[in-house]
Amino acid sequence: MGFMWQLSNYMALFPPPPPQLQLAAVADHQGEVPFISNKPYVVCCRRRHVVIMRRAAQGSRVAAGRPGRRSSSAAAIPQFLKMACGLINLCVYETNKRVKIKSVRLGALKWTLNGAVLLFICFMMLWNKEYQDYDFVSSSVTTKVKGVAQASIPGVGDAVWDVVDHSGLAQGKNSFFVATNVFVTKNQKQGKCPEVAPGGLCQTDKDCRKGFSDQHSHGIQTGSCVKSDVLRKTCEVSAWCPVENRKSPPRPALLASAENFTVLVKNNIRFPSFSYIRRNILPEMTDKDLKGCLYNRYTNPLCPIFRLGDIVHEAKEKFSDMAVEGGVIGIQIDWNCDLNRFFHSCVPKYSFRRLDEKESNRTLYPGLNFRFARYSTINGVEHRTLFKVYGIRFDVMVFGKAGKFSIIQLIIYIGSTLSYYALTTVFIDWLIGTNCYSRKANHSCSEKQCESVHEQKNLLCVSFVDEDQLRVVKMSRNKRLQETKSLSQHRRKGNLVDTRALLGVLQSEQNINALIQNGQCNEFKAARALSTEHSGLVTDTPLLEISSSRCPDWCQCGCCHSSTSFHEQLCCRKSKGRCITTSSLFPALVLSRSILEITLLYVAPLADQHKDDQLRQQAYAQYIKWRFGDCTPMDAVPVIPSCCVWRIREQYPSPDGKYSGLIFC
């Protein structure tokens, strides 16, 4: 029982690599690369070398060499396998880390906020009808004005103005005009007459230029200066004489009775996406209804016949004031239709507003006016009567859209509003982060939720036996790793299980030896005999130090081998002293064949026999776990010293003298 307990702790201390993943590293002139990464499924690329990741069967070997000296196994790898390294990175799914806090208060708050968000989403969906697909209106408008008025016009006398006189003068698209005021200049004929002051004032003929005219002139100057009235002279012009001489319109308006005129507005609309056609004259209206109806906001809001005075009044204007200089009124028809079967509704809504600036002191040329003439011939001479007409133009503007239920729009709305639930998370995280909930919960949640990740900058991790801390250094291409200055120093991260397992490791070897001597564990006995016969070495064979002539100058323990690669020039010590390979713990933890066999059998219980290549690679892994702990600081890559690498190779040599590095997760 004691042995099994020690064995289980030892397995926890040195977990083996997964059997289905074998990765080959680069073989250079010194042999394998002493790097072991704690990153899952890592593929490393070094200068002048290529590292290939490959899935292989148990016990298979994969090797790769430098360009120009490729091994036969590397040359046999198909080209598409090299491309697989980049394609594997595409088949990755990432998800966020979540922390569950068991708290009644936070749980109740979360569901309360989520319920409020759900109610808001449903309310806005129903209020704005976000579940519908919409189409905008296409329309045409025609109008018909009716009314007769009698007016007393200076110089003309009493006259009756009908629809032709009032609104037949200026018809536009989607609009109609009604005359409300007029100024008449009678009996004009072609001739010469004085220009109207003050534009043509003069003293002598030199002040007038023959053939001159501008935008304010009523004709073309003849070059003569003539009397306009008793006090003033003006330039003579060739024009329709006498010229118009009044500047301001009559007050009150001469045609103010147009207030009682009526207009029929016919509006045809269509929604192309839904193939829906409609008129503002509703199907249920009869000819009798139309002849007797008149629009009223409250009593008859759907009638298409409007009294002009009511239109101006709805626009918050006074017809008698607006009739003097004229203006522009907008008739707005709004179609807001719901075309769903159970909620069908599509009726027009009318509104009115003034479109032009009504204040004369705020704008130049206020109101609306134009001129027209009526011609006649008297005694063979053509005469005309000039009318300057002021009036109100009514512009009919149609707006609208129709909606109909669409499952696609409903899904889009639901998908777009799901992000509102993040407000609950943001608020609760803020509540915890500001210590408003609990200072202890804030500290605990921050540790569980946030992890510090450092930017990868080719960082290496070094462990010296004469120092208590791990060093993190940056890989250098022109400086030895032994002499590279550390970026930071960190304590090794271990746990209680590691300590208890270390205490039982030495005893485990003795227990295995006792079992072998008693005739038990025949597999271990045969494997140990085979290893001794093959290598000529035993587990506790002492390592002979290299002579001083062969020992490199950067070595501090006297057991390292020379290397031309700067990142492999690393000793187990920072200062002169005893090598770590001479420690009694090194052969028990790293070199013991029985322990390595047990570790490999833990992964593949039915394996018959393990080769030295597998034992050597497992020895690397155990050294990393022993000296660097569960993980390295700043995710740096741990580096095995040269003396340890070569001690392991001497214990478990390669038959052909060639080595391949090991990289595993």
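The paragraphs below lead through a predicted model of one protein chain, from its overall make-up to its strands, helices and one of its pockets.

The protein chain has 665 residues, of which 42% count as buried, and its secondary structure consists of 17 helices and 22 strands. Among the contacts with a separation of 6 or more, 69% join residues that are 24 or more positions apart. The accessible surface of the chain comes to about 38400 Å², and carbon and sulfur atoms account for 54% of that area.

A useful place to begin is strand E15, which spans residues 327–338 and is mostly covered, with nine of its twelve residues buried. Strand E15 pairs in the parallel sense with strand E18 (residues 381–405) over twelve bridges, and within this pairing Ile333 stands opposite Val398 in E18. Strand E15 also pairs with strand E16 (residues 348–354), here in the antiparallel sense and over seven bridges, where Gln332 has Ser351 in E16 as its bridge partner. Strands of a sheet are held in such pairs by backbone hydrogen bonds, whether the sense is parallel or antiparallel.

Further along the chain there is an open sheet of four strands, in the order E21-E20-E19-E22 and with mixed pairing. Strand E21 (488–491) and strand E22 (637–638) stand at the edges and have a single partner strand each, so one side of each is left without a neighbour in the sheet. Strand E19 (residues 459–463) and strand E20 (residues 469–474) pair in the antiparallel sense over five bridges, and Leu460 has Val473 in E20 as its bridge partner. Helix H16, made up of residues 612–628, lies across E19, E20 and E22, and runs at about 80° to E19.

Helix H17 (residues 642–651) offers a clear case of burial: nine of its ten residues are buried, so this helix is largely enclosed by the rest of the structure. The buried residues of H17 include Trp646, Ile648 and Val645, together with Arg647 and Arg649 and the pair Cys643 and Cys644.

The last feature is an open space in the model, the second largest pocket, which holds about 670 Å³. This pocket is lined by 17 residues, and those closest to its centre are Arg98, Val99, Lys100, Ile101 and Lys110. Helix H4 (104–128), helix H10 (422–433) and helix H11 (439–449) each supply at least two residues of the lining, and H10 gives the most, with five residues.

How values were computed
Residues are numbered from 1 along each chain as its sequence is written. This is a predicted model: local features need pLDDT of at least 70, side-chain atom pairs count only at pLDDT 80 or more; totals for chains, interfaces and linings use all residues. Side-chain values use heavy atoms; hydrogens and water are left out. Two strands pair if DSSP finds at least two bridges between them. Contact means heavy atoms within 4.5 Å. Axes are lines fitted to C-alpha atoms, for helices over the stretch in contact, and angles run from 0 to 180 degrees between N-to-C directions. Buried means under 20% relative accessible area, exposed over 50%, partly exposed in between (1.4 Å probe, protein chains only). Accessible areas come from the Shrake-Rupley method with a 1.4 Å probe; for residues, only the protein chains shown count as cover. On a 1 Å grid over the protein atoms alone, a cavity is a set of points where a 1.4 Å probe fits but cannot get out, and a pocket is an open set with protein on both sides within 12 Å along at least five of seven lines; lining residues have an atom within 4 Å of a point. Grid points are joined across faces, edges and corners, and a volume is the space filled by probe spheres set on the points.
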